[in-house]
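Please examine the predicted model shown below. The account that follows proceeds from the backbone of the protein chain to its ligand.

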Amino acid sequence: MAIDYSQLIPNNVDLASDRRLQRALENWQPRFRDWWKEMGPDGTANFDVYLRTAISAEANGWANFGYVKMPDYRWGIFLAGQDPNRVIAYGDNKGKPAWQEVPGELRSTLRRLIVTQGDTEPASVEQQRLLGKTAPSLYDLRNLFQINCEEGRHLWAMVYLLHAYFGRDGREEAEMLLERHSGDPDKPRILGAFNEATPDWLSFFMFTYFTDRDGKYQLASLAESGFDPLSRSCRFMLIEEAHHMFVGESGVQRIIQRTCDLMKEHKTDDVRSLGAIDLPTMQKYLNFHFSVSLDLFGQEASTNAANYYTMGVKGRYLETRIEDDHLLTGGSFDIDTVEDGRIVRKTVPALSALNERLRNDYVEDCAKGLLRWNKAIEQAGIPFELKLPHRGFNRRIGGFAGQRISPDGRMLSEAEWKANEGKWLPTDEDRTYVTSLMGPAVIEPGKFANWIAPPQRGINNQPANFEYVRFN
Ligand code: BYC
């Protein structure tokens, strides 16, 4: 179904046929707009931004480009098309038709998953609120705003599900999604990584590479949900997510490129004296964002995850492409954890290890970007290699939580950790340095901050000097 733009809330779910639901969402809409004004990109209400807006959920409809004032962005409710023959692919309900309504016994479980997913979306917008002030170019500024608008739409996607399928509880949860705030000591966001600051553009690119990629894997698992409206919502969200990860990967790549160019040109490792970001500092930011994002997958052995799977509410990554019984009751899986002060490999029931399995898929995917980044460094003839740290490094959730583990996977004493922490994670001095490079925003079309190379091509094939944002 095409998206109906004549409605206050664009949608492809025939909202007009359900007056009660429509009214409830129209009541929530001004609260969302107030939140955007207060917590969204700061001081940008009047900017015209070259954004893509979905005008249908079809392949040719979701990427329509044009200038938009962000408060007027058409946030709407778009679900991927319905397969009337879809069946649940795994667990106790395997082979049964996908649910079009919430089964009573799964209500609180599903609500909780939808709320957790929904909570991350506005959280990331809050985290990125001030970045526009220090954008390294109009191209980057536009990408930031695109991501912010789409995260706002992803919030709408989850709020629709809460309103449409969870009654009064769902409406209350939708209110709470606007009341918790990233980093708020009294009402923080639910998951750890979404309470960290994103104070500079190196952090932003690492966040969109590593943390948005957690989004990809969680959304892909929820896209396997037996609750069909959730599955269809996540499928459409995944299409938009790809650009967010592209921004992260290419952003890091461009910083590396600039750094390597300067190192070669000036025959020096000391690129800080040239106003660029040195590779060891990039490694530290990478260590931080990777480890914080690993926590987002939950405990290695989790009865929650086993229950989600058995009940049919959350599957594995690309569940239907895996060749096994899709029940996993007799299977086993190896996980790494810490016992008696040592890192050990343990075999546990496959069902309990689903968080870890998803984390493995994620780690493998993360490594691909590093291959490309390292290629650029190698091509510049610089003997340096970026590495993913050991999965036990700097963890706060799961079997490695609170353990002192080096990036190369050695158990450390507290004293060893303290002596080396500053080599592995950004220090206050590193953060001060990186922040010192930020801003004021570079707003001349086609110009870039000194510490980052231009992109290889523009958005929607626009030329290098395209005016992606007009300030008015
Ligand atoms: N922080 O049994 P466990 C995105 C809690 S990102 C704080 O392992 P489970 C995006 C856990 O809640 C994707 N608490 O839990 C990216 C549980 O609490 P209770 C977001 C944590 O349920 C960028 C307890 O510890 N989507 O879209 O198997 C920009 C036991 O843990 C954390 C989702 O996360 C943590 N990191 O796994 C914008 C999908 N981890 O029961 C957007 C929905 C665990 O003791 N969420 N806990 O009170 C889920 O599937 C699951 O909730 C989790 C946790 C995978 C997160």
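Leu328 lies in the loop that connects helix H8 (303-311) to strand S3 (332-339). The backbone of Leu328 has a positive phi of about 65°, although this residue is not a glycine. A further backbone feature concerns the peptide bond from Gly439 to Pro440, which is cis, with omega near -5°. Pro440 is likewise a loop residue, placed between helix H11 (428-437) and strand S5 (469-470).

These loops belong to a chain whose secondary structure comprises eleven helices and five strands. With 472 residues, the protein chain has a radius of gyration of 23 Å, close to the 23 Å given by the globule rule, so it is as compact as a globular protein of that length. Along the principal axes, its C-alpha atoms fill a box of roughly 65 × 65 × 40 Å.

Where in this chain is the ligand found? The ligand sits in the largest pocket. Three elements each give two or more residues to the shell around the ligand: helix H2 (107-127), helix H5 (201-222) and helix H8 (303-311). Helix H8 thus appears in two settings, at one end of the loop that holds Leu328 and among the elements of the ligand shell. The largest share of that shell is supplied by H2, with seven residues.

In total, 30 residues surround the ligand, and the closest are Arg112, Gln117, Gln299, Ser302 and Lys314. What is the chemical character of the shell around the ligand? Its residues divide into ten nonpolar, 13 polar and seven charged.

Individual atom pairs show how polar groups of the protein are placed against the ligand. Arg112, one of the closest residues, has a polar side-chain atom 2.9 Å from an oxygen atom of the ligand. Asn355 also places a polar side-chain atom 2.9 Å from an oxygen atom of the ligand. At Gly192 the backbone takes part, with a polar backbone atom 3.2 Å from a nitrogen atom of the ligand. These pairs count as polar contacts because their N or O atoms lie within 3.5 Å of each other. How much of the ligand surface does the protein bury? Taken alone, the ligand exposes 1000 Å², and the protein buries 82% of that area.

Conventions: Residues numbered from 1 in each chain as written. Predicted model: local features only at pLDDT ≥ 70, side-chain atom pairs only at ≥ 80, totals over all residues. Heavy atoms only, no water. Near = heavy atom within 4 Å. Polar contact = N/O pair within 3.5 Å; in protein donor to acceptor, adjacent residues only side chain to side chain. Areas by Shrake-Rupley, 256 points an atom, 1.4 Å probe, with all protein chains shown as cover. 1 Å grid on protein atoms, 1.4 Å probe; cavity = no way out; pocket = protein on both sides within 12 Å on 5 of 7 lines; lining within 4 Å. Sits in = over half its atoms within 2 Å of the grid points. Helix = DSSP H or I, 4+ residues; strand = E, 2+ residues; numbered from the N terminus. Nonpolar A, V, L, I, M, F, W, Y, C, P; charged D, E, K, R; others polar. Rg over C-alpha atoms; globule rule 2.2 N^0.38 Å.
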